[in-house]
Amino acid sequence: MDTLPAVRARGITKCFGEVVALDGVELEVAQGRIHGLAGPNGAGKTTLLGLLLGLALPDSGRLEILGAPVEKALAGPDGVAGFVDGPGLYPSLTARQNLAALAGLRGQDARTAGIDDVLDQVGLTDVADDRTRGFSLGMRQRLGLAAALLTRPRLLVLDEPANGLDPVGTRHVRRVLTRLAAEGTSVVLSTHRMDDLDALCSEVTILATGRVVFSGPLNELAAGNRELDHRLRTSDPETARKLAAEAPGIRVVEDTGVRHDPEVAVVRGSVPALDELVATVVRSGIAVRELTPVVPPLEAAFLALTEQQETGG
Ligand SMILES: Nc1ncnc2c1ncn2[C@@H]1O[C@H](COP(=O)(O)OP(=O)(O)OP(=O)(O)O)[C@@H](O)[C@H]1O
Ligand SMILES: [Mg+2]
């Protein structure tokens, strides 16, 4: 296997009139990786994925897909498949006929294209012969993925593939993507769901108003060294609160949760300061029943980076 990155973007800029959708974006995705793209609405995720699919060209910057520079739009770079803003389907055709039509467009023989196999992979076998007109959002998403799989891509580009999926669909899609990556296919996907990033991606790029505000391994993003609010549940909340108030590097903050729980104190501090507090509480003969971040670390990092943090607290 060659070692050229699946995606190499340097200083990519894309404007729509006055709107700067992408502003000097750098992105590198190695082969066999599942790279997550996150960011608030309007951050530029779909625009960037569209460039990877060859749906448009950047205004400036350099884009290489699977080792080849992208110089003209529309054709779509070889070996790339996927969709943005939902897959395009023929509503009057069944799922199977949609896939057969797509195979036909590419000059594949529908009988040997592996249609049954990809339908099975995304969990649509039972509705294979239903017209897609009646398909739900999640079913359409899954069929879009099946269509992309049919081309045996080396780079799969998916815009919010988890959107609208039920838990079974989510598992199908995660399983398919993980297996593809293990076989060497690179995947770039956008998502608003931190649990998807966590379950699927080893690396992530976070965009905010067209700029990369973070790019790197997911654990680096989650680690951070910010002080997070934690719920501390103990057998003696009153004393625990007192100990927390006296503990170095710890602040007791107001519990703004929906369900106020008298057993819980909300404490803010760095991980070492929290460790120290737990040790102190336990030494005082109080049982620690729970210590959990109020906002999961990934989400907290995302909010901090994209400056969407709620004020106060
Ligand atoms: N075809 C277009 N014409 C005009 N403006 C556009 C077009 N496509 C995108 N934009 C603008 O570019 C910016 C980035 O949009 P984009 O759709 O890439 O964001 P996104 O990160 O995918 O958002 P979301 O999370 O809502 O899907 C937005 O300000 C959007 O309004
Ligand atoms: Mg989008």
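Student: How far is a polar side-chain atom of Thr47 from an oxygen atom of ligand 1?
Tutor: In this predicted model, the separation is 2.6 Å, within the 3.5 Å allowed between N or O atoms in a polar contact. Local features need pLDDT of at least 70 and side-chain atom pairs 80 or more, while totals for chains, interfaces and linings use all residues. Side-chain values use heavy atoms without hydrogens or water, residues are numbered from 1 along each chain as written, and chains are lettered from A and ligands numbered from 1 in written order.

Student: And which ligand 1 atom does the Lys45 side chain approach, and at what distance?
Tutor: An N or O atom in the side chain of Lys45 is 2.7 Å from an oxygen atom of ligand 1, and for the His192 side chain the corresponding distance to a ligand oxygen is 2.9 Å. Of the 640 Å² of accessible area (Shrake-Rupley, 1.4 Å probe) that ligand 1 has on its own, the protein covers 60%.

Student: How many residues surround ligand 1?
Tutor: There are 13, with Gly42, Gly44, Lys45, Thr46 and Thr47 the closest, counting residues with a heavy atom within 4 Å. Strand S2 (19-29) and helix H1 (45-52) each supply at least two of them, where helices are DSSP runs of at least four residues and strands of at least two.

Student: Which element gives the largest share?
Tutor: H1 does, with three residues.

Student: Switching topic, at what angle do H4 and H5 pack?
Tutor: Helix H4 (residues 137-150) and helix H5 (residues 167-182) pack at about 20°, their axes 11 Å apart, so they are roughly parallel, a label for angles under 35 degrees.

Key: A polar contact is a pair of N or O atoms within 3.5 Å; within protein, one must be able to donate a hydrogen and the other to accept it, and residues adjacent in sequence count only if both atoms are side-chain atoms. Axes are lines fitted to C-alpha atoms, for helices over the stretch in contact, and angles run from 0 to 180 degrees between N-to-C directions. Angles under 35 degrees count as roughly parallel, over 145 as roughly antiparallel, 65 to 115 as roughly perpendicular and the rest as oblique.
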